[in-house]
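Me: I'd like a close look at one part of this protein. Please start with a turn of the chain and work outwards from there.

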Amino acid sequence: MNQAWKKHGIDIRPGTTITGKWHRHHYVIKKRLGSGAVGTVYLCDWNGRQVALKISDKNTSMTMEVNVLKSLKKVQGNRLGPYLLDVDDWESAGNIKYSFYVMEYLNGETLTSFIRRQGEEWIGVFMLQLLDDLERLHQSGWVFGDFKTENLIVVSSPPKVRWIDVGGTTKIGRAIKEYTEYYDRGYWGLGSRKAEPSYDLFALAMVFLNVFYPNRFDKGSHPQVTLLKMLNNVKQLRPYNECLKKALLGKYQSSAQMKNELVNTMHQIRASRKSKRTAGTSTSTGAPIAEAGGIFLIAAFYYISSLLLP
């Protein structure tokens, strides 16, 4: 990880009550959820409701994150990030002033865990959904920036990927303010750190590679060769290989462009499978085709369902 992800933890013991200076809401600390470059996130109880509270001594950075959450809330009513519930200050017993904001607590599981448990046919579903989310985000003038597996969570009813940390979100045209090396195209020598749609699309491809390489891998002396080799070695990603390859190499200018090619690819796979069945062909090479056909049907159903959700 780069310098932006050195831990700046604020240690607050479970059971501590944080009372907002201005709104006077009381939040009881339950446990620490994680720390990042800007602050620490805790699971809290608020009048019997579980919420996530992020706290930091970096007032300016926290204000920027709050503004991002407010902006995302306006993006066509789409829930790109968690709902913002409260913004306030807190003075500790040592008279140290902290800024904090409170968000909805999203309870779910990691993308990697879900796909391993439920099956690889969900890869296409989530890829389409994330491309839809990114398209709306980019059209509103933002780039996610620190797009990585750890900043995504799968919630149920129906399964849907949600974003849980928007701290790296950056205005298009500016320099990416927060990133993680493994998902950063600059680290791999495949582009700049300018905030533009193609930056997020590179990271999106790395997210799905990370599902199958949870321990990650070194870039080696020829990063591009390494990436393409690792991609080609994942059987489960072969139906999407060409789209992911283009994303890694910066061939897409927009998420809509990548989404359209992904949908076309899935249509072609389905048509090929139908043709194979009609011809009565049953060979060893038919397995990936049949597998991909199932992917298309499930993806299409849940993709359409997700469009109807708030």
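In the hairpin of β5 and β6, which residue takes a positive phi, and how many residues lie between the strands?

Reply: Asn-95 takes the positive phi, near 60 degrees, and 5 residues lie between the two strands. Two notes before we go on. This is a predicted model, where local features need pLDDT of at least 70, side-chain atom pairs count only at pLDDT 80 or more, and totals for chains, interfaces and linings use all residues. Residues are numbered from 1 along each chain as its sequence is written, and side-chain values use heavy atoms, with hydrogens and water left out.

Now the strands on either side of that turn. Strands here are DSSP runs of E with at least two residues, helices are runs of H or I with at least four, and both are numbered from the N terminus. β5 and β6 run antiparallel and are joined by 7 bridges. Two strands count as paired if DSSP finds at least two bridges between them. Pick out one spot on this ladder: Val-87 faces Tyr-101 in β6. In general, strands of a sheet pair through backbone hydrogen bonds, parallel or antiparallel.

Next, step across β6. Its partner there is β4 (residues 49-56), paired with β6 (residues 97-104) in the antiparallel sense over 6 bridges. Look for Leu-53, whose bridge partner in β6 is Val-102.

Now zoom out. The hairpin belongs to an open sheet of 6 strands, in the order β1-β2-β3-β4-β6-β5, with antiparallel pairing. β1 (17-19) and β5 (84-91) have a single partner strand each, so they stand at the edges, with one side of each left without a neighbour in the sheet. From one strand to the next, the twist averages 40 degrees. Angles run from 0 to 180 degrees between N-to-C directions, and axes are lines fitted to C-alpha atoms, for helices over the stretch in contact.

What lies across these strands? Helix α1 (residues 59-73) lies across β4, β5 and β6. α1 runs at about 20 degrees to β6. Contact means heavy atoms within 4.5 Å.

Go to the β1 end of the sheet. β1 and β2 are antiparallel and share 3 bridges. Ile-18 has Tyr-27 as its bridge partner in β2. The hairpin of β1 and β2 has 6 residues between its strands, and Arg-24 takes a positive phi near 60 degrees there.

One strand further in, β2 meets β3. They run antiparallel, joined by 6 bridges. A hairpin of 4 residues joins them. Gly-34 has Val-41 as its bridge partner in β3.

Come back to Tyr-27, because its ring is worth a look. The whole structure holds 15 aromatic pairs. Rings of Phe, Tyr and Trp (its six-membered ring) pair if their centres lie within 6.5 Å; planes under 30 degrees apart are stacked, over 60 edge-to-face, and the rest tilted. The ring centres of Tyr-27 and Trp-46 are 5.6 Å apart and the planes are at 45 degrees, so this pair is tilted. Tyr-27 sits in strand β2 and Trp-46 in strand β3 (residues 40-46), so the pair links distant parts of the chain, 19 residues apart. In a regular strand, side chains alternate between the two faces of the sheet.
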